[in-house]
Number of protein chains: 2
Amino acid sequence: MIKNSARPRGRPRSFDEKQALEAATRVFRSKGYDGVTIDDLVAGMGVGRPSLYSVFGDKRTIFVRALRAYAEAKGALAAKALFSPPTVRDSIAGFLRNAVETATEEGSAPGCLLICVAPLVDDLEVRRFVLDAVAAATALVERRFRDAFDAGEVPSNFPLPARASQVLDLGRGLTMRAQLGTPRKVLLKDADQAADLVLLPPREKAVPDSQAGR
Amino acid sequence: MIKNSARPRGRPRSFDEKQALEAATRVFRSKGYDGVTIDDLVAGMGVGRPSLYSVFGDKRTIFVRALRAYAEAKGALAAKALFSPPTVRDSIAGFLRNAVETATEEGSAPGCLLICVAPLVDDLEVRRFVLDAVAAATALVERRFRDAFDAGEVPSNFPLPARASQVLDLGRGLTMRAQLGTPRKVLLKDADQAADLVLLPPREKAVPDSQAGR
DNA sequence: TGAGTTCTGAACTGAATGATTAAAAATTCC
DNA sequence: GGAATTTTTAATCATTCAGTTCAGAACTCA
């Protein structure tokens, strides 16, 4: 039972757990996973080595925790960008612009923890998490498309699942370009153009959805 | 047949330099850059440690050499895929399918040395090389679009540069998904759908009443 | 065959790295 | 104020790693 009014008990921590995790995220974003040493984390997070181990665990655990927090925060932003605007075009544009903004935010190295660095981590748990996150994001976009479909905003032959995964692919491409140093301004423009692209009506190939693709 | 009348001089090498470099590529593809140790390279390339250093140099140099060879080989394939087919749709589809095939080729871990691992390497030379390679690939696609434009294959308001970079972004997305384990079959289908997408005619935007659209 | 040349295998070294330990410091509870 | 509790600072340990050295093996040339 936790006594709410009382401070924990012994010597208070000199760091904020959440902030430290964010700092860890910055470190991993700038140096990848394997490129990061414990000393990098100690320096970047402002947490002493023993505290690091006792509070956060080893490097792998720190990464997983940082990744989870990151995905949660960014996922919420993405969902907001996706479901706030009234038109589907603005939703998709917002989603992609949000990805660009995340990938080019100041104070962190350009890139994305979830898209650029996590997929390279040789760890089963991380891999599963990334796969789930990607699936969730795709489902989110697809759902937004479905809403648009129901609202008659897109034509009846609009290939929802294909377009949804194309939105994700375009987002990944934008993010990778961000990491390579492409300026935010350029990427924001490209995000808008990408939104225009994925909302183009498909060629009239006729019949409903008995045959997808091609 | 080797014209050189004189075989090099002393003890012949027990490995083929080119094959060893390809083996190095496989090692880097499967473990990234920072995750690779010299022992990994020694084991994977079948080259003794001292030979490694004397013939290839240190890890960074090996990576750069592997990357250059890789980019040259894959770049040639991409150009071929892009400029062989008669229709621009098949060109773009071939380009993207080729990217998928490269990213899912057997015998190597899924992914792409140039797209997935090189951008994360914290090295100026590598970064420059990647940027140049991306620019070159984009220019290639744009040129193919331009050819199509000249042939009247795409409408006059077709936004060539935007579509070219979108093709690259989609390719990056497909490649990243390959690395995450998406099956080749799925990706090949998506590559085709992506080709269809980027060849859709843009919306006519010179229409008099511009209030209905967006 | 023997001298000269180049490569290979194994051992070696210094530095970096991951992780732990022990004692000092800061705070709450009594 | 003092005991109990928790964090922090500093030091330590074992391991791994990058890069080198050296003796010997494999080859060419004369």
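Here's a quick look at how two chains meet and how one pair of helices packs. Keep in mind that this is a predicted model. Chains A and B superpose through a 180° rotation, and 33 residues of chain A are in contact with 33 residues of chain B.

**How the two copies relate**
- Turn chain A by 180°, with 0.0 Å of shift along the rotation axis, and it lands on chain B with an RMSD of 0.1 Å.
- That's the relation of a two-fold axis.
- The copies meet through the same surface, because 94% of the interface residues of chain A are also interface residues in chain B.

**What chain A brings to the interface**
- Chain A touches chain B through 33 residues, and chain B answers with 33 of its own.
- On the chain A side, α6 (113–117), α7 (124–150), α8 (160–179) and α9 (184–198) each chip in at least two residues.
- The largest share comes from α8(A), with 11 residues.
- Sorted by class, this side of chain A has 16 nonpolar, 8 polar and 9 charged residues.

**A helix pair in chain B**
- Helix α1 (residues 17–31) of chain B packs against helix α2 (residues 38–45) of chain B at an angle of about 130°, and their axes are 9 Å apart.
- That angle makes α1(B) oblique to α2(B).
- The crossing of α1(B) past α2(B) is right-handed.
- From α1(B), the contact uses B:Ala20, B:Ala23, B:Ala24, B:Arg26, B:Val27 and B:Lys31.
- From α2(B), B:Asp40, B:Leu41, B:Gly44 and B:Met45 take part.
- Taken together, the residues of this α1(B)–α2(B) contact come out as 6 nonpolar, 1 polar and 3 charged.

Note on methods. Residues are numbered from 1 along each chain as its sequence is written. Chains are lettered from A and ligands numbered from 1 in the order in which they are written. This is a predicted model: local features need pLDDT of at least 70, side-chain atom pairs count only at pLDDT 80 or more; totals for chains, interfaces and linings use all residues. Axes are lines fitted to C-alpha atoms, for helices over the stretch in contact, and angles run from 0 to 180 degrees between N-to-C directions. Helices (H or I, at least four residues) and strands (E, at least two) are DSSP runs, numbered from the N terminus. Angles under 35 degrees count as roughly parallel, over 145 as roughly antiparallel, 65 to 115 as roughly perpendicular and the rest as oblique. A crossing is left-handed if the near helix is turned anticlockwise from the far one by less than a right angle, and right-handed if clockwise. Two residues are in contact if their C-beta atoms, placed from the backbone, lie within 7 Å. Ala, Val, Leu, Ile, Met, Phe, Trp, Tyr, Cys and Pro count as nonpolar, Asp, Glu, Lys and Arg as charged, and the others, Gly among them, as polar. Copies are superposed by least squares on the C-alpha atoms of residues with pLDDT of at least 70 in both.
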